[in-house]
Amino acid sequence: MGMTVGIVGLGTMGAGIAQVCLEAGHAVVGVDGSAEARARGLETVARGLDRRVDKGRLEADARDAALARLTAAEAVAGLAECDLVVEAIAELPEAKHALFAELATVTRPDAILATNTSAISVTGIAEASGRPGRVVGLHFFNPAPVMPLVEVVRTALVEDEAYAAALAFAEGLGKEAVPCPDTPGFIVNRILVPMLNDAVRALAETGADPADVDRAMKAGAGWPMGPLALIDLIGVDVQVHASEAIAAGLGDAAYAPHPLLLEMLAEGRLGRKTGHGFHDYARP
Ligand SMILES: NC(=O)c1ccc[n+]([C@@H]2O[C@H](COP(=O)([O-])OP(=O)(O)OC[C@H]3O[C@@H](n4cnc5c(N)ncnc54)[C@H](O)[C@@H]3O)[C@@H](O)[C@H]2O)c1
């Protein structure tokens with residue numbers, strides 16, 4: 001049976017998560033702080049569903065039915081009927097804490113409140129909500145309609161039933177739902193972020209050519225994309241932020257971003273989005 005899912009923040013992640021929920025048969029109510037972002041988000045969802053039809057992965061009728069289940073609300077008050085809400089707003093602890101406190105007052109007491117945060121403590125968000133037994137992390141990967149993984153983050157405060165329901169929800173989306181304790185970086189970023197820093201360290205210390213570092217890891221370690229190309233794709237700024245968040249969360253400077261990344265950040269060499277990173281790209 002389809003649920004009613006609220007999505008708060010219809011940016012890159014929120015729009016993708018909305019699309020995934022619609023394709024799984026749920027009704028979606030989208031909320032964004034800005035009317036312009038809300039309109040853009042709804043357009044992105046529609047375009048995403050169109051692409052699925054173009055690729056032959058979704059029937060045109062199913063696309064139309066999915067779009068008919070998508071509505072927008074101006075404020076979180078419009079989420080009163082939701083079974084589950086996924087928050088995908090900016091990565092700012094105070095903003096998320098304030099939003100969850102508000103969500104707890106407007107949603108049903110049995111609703112599940114999920115955050116898509118990459119690096120903020122889910123436990124802290126749960127405490128700020130005043131309804132910690134109903135709060136989980138649902139960490140989707142970008143692009144959400146394509147990447148199979150959802151880390152289902154469990155705090156010590158969540159009710160067993162709410163956590164089990166969140167896990168079942170992620171599985172019902174057709175995702176690889178992986179249970180994951182609430183620790184900095186969860187599972188993937190705890191492993192991947194330092195590995196990418198190590199690739200930068202190897203580059204800086206060996207003087208190897210960046211293209212050769214990437215070719216070597218593809219051909220020798222089976223990586224689908226070289227580590228430096230991957231940093232260019234996710235953004236040097238994002239890699240720096242993720243490294244700093246994990247280092248701070250664990251109190252371990254070994255996770256800090258490599259100095260070469262900080263230089264690139266200062267120079268605005270952020271990767272694909274600026275046209276230059278470890279490699280050069282045509283301007284986006
Ligand atoms: N982009 C990624 O690769 C990625 C991957 C996994 C998780 N995340 C996490 O997902 C979250 C969203 O990231 P994103 O890249 O989609 O950001 P984004 O900037 O693309 O989108 C954020 C959206 O939230 C809206 N917003 C901001 N504050 C709001 C508020 N208080 N109430 C309602 N709407 C608000 C903005 O208008 C914007 O449309 C972050 O917590 C991020 O860490 C991002």
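Reader: In which helix do Glu36 and Arg40 both lie, and how many residues apart are they?

Author: Glu36 and Arg40 are both part of helix H2, with their positions 4 residues apart, or about one turn of the helix. Helices here are DSSP runs of H or I with at least four residues, strands are runs of E with at least two, and both are numbered from the N terminus. A word on what you are looking at: this is a predicted model, in which local features need pLDDT of at least 70 and side-chain atom pairs count only at pLDDT 80 or more, while totals for chains, interfaces and linings use all residues. Residues are numbered from 1 along each chain as its sequence is written, and side-chain values use heavy atoms, leaving out hydrogens and water.

Reader: What do the side chains of Glu36 and Arg40 meet in?

Author: The general idea first: side chains of opposite charge can pair when their charged atoms come close. A salt bridge is counted when a side-chain nitrogen of Lys or Arg is within 4 Å of a carboxyl oxygen of Asp or Glu. Glu36 and Arg40 form one, at 3.1 Å from N to O.

Reader: Is Glu36 buried or exposed?

Author: The cut-offs are these: buried is under 20% relative accessible area, exposed is over 50%, and partly exposed is in between, using a 1.4 Å probe and protein chains only. Glu36 counts as exposed because its relative accessibility is 59%. Its partner Arg40 is partly exposed, at 46%.

Reader: How many salt bridges does the structure hold?

Author: There are 15. Among them, Arg154 pairs with Asp160, the closest N and O atoms being 2.8 Å apart. Arg154 is partly exposed at 33%, while Asp160 is exposed at 58%. Glu91 and Lys96 also pair, with 3.7 Å between the closest N and O atoms. Here Glu91 is partly exposed at 27%, whereas Lys96 is buried, at 1% relative accessibility.

Reader: Which residues are linked in a network of salt bridges?

Author: Asp50, Arg63 and Asp64 are linked in that way.

Reader: Which residues form a positive surface patch?

Author: A patch takes residues with over 30% relative accessible area and no salt bridge, joining like charges within 9 Å and nonpolar side chains (Val, Leu, Ile, Met, Phe, Trp, Tyr) within 5 Å. Arg47, Arg51, Lys55 and Arg57 make up a positive patch. One of them, Arg51, sits in helix H2, residues 35–54, and is partly exposed at 47%.

Reader: What about the backbone: which residues does a cis peptide bond join?

Author: As a rule, most residues other than glycine have a negative phi, and most peptide bonds are trans. In this model a cis bond joins Asn142 and Pro143, with omega about 0°. Pro143 is in the loop between strand E6 (135–140) and strand E7 (149–154). Phe186 is worth finding too: although not a glycine, Phe186 has a positive phi of about 50°. Phe186 lies in the loop between strand E8 (176–181) and helix H7 (188–206), and is buried at 4%.

Reader: How is the chain divided into domains?

Author: Domain bounds come from an automatic or database domain assignment. Domain 1 covers 4–181 and domain 2 covers 189–273. Their centres, taken over C-alpha atoms, are 29 Å apart.

Reader: What separation do the C-alpha atoms of Glu59 and Pro259 have?

Author: Those atoms are separated by 49 Å, and the two residues are 200 apart along the chain. Glu59 is in the loop between H2 and helix H3 (60–68), and counts as exposed at 61%.

Key. Areas by Shrake-Rupley, 256 points an atom, 1.4 Å probe, with all protein chains shown as cover. Lys, Arg positive; Asp, Glu negative; His and termini not counted. Charge placed at Lys NZ, Arg CZ, Asp CG, Glu CD.
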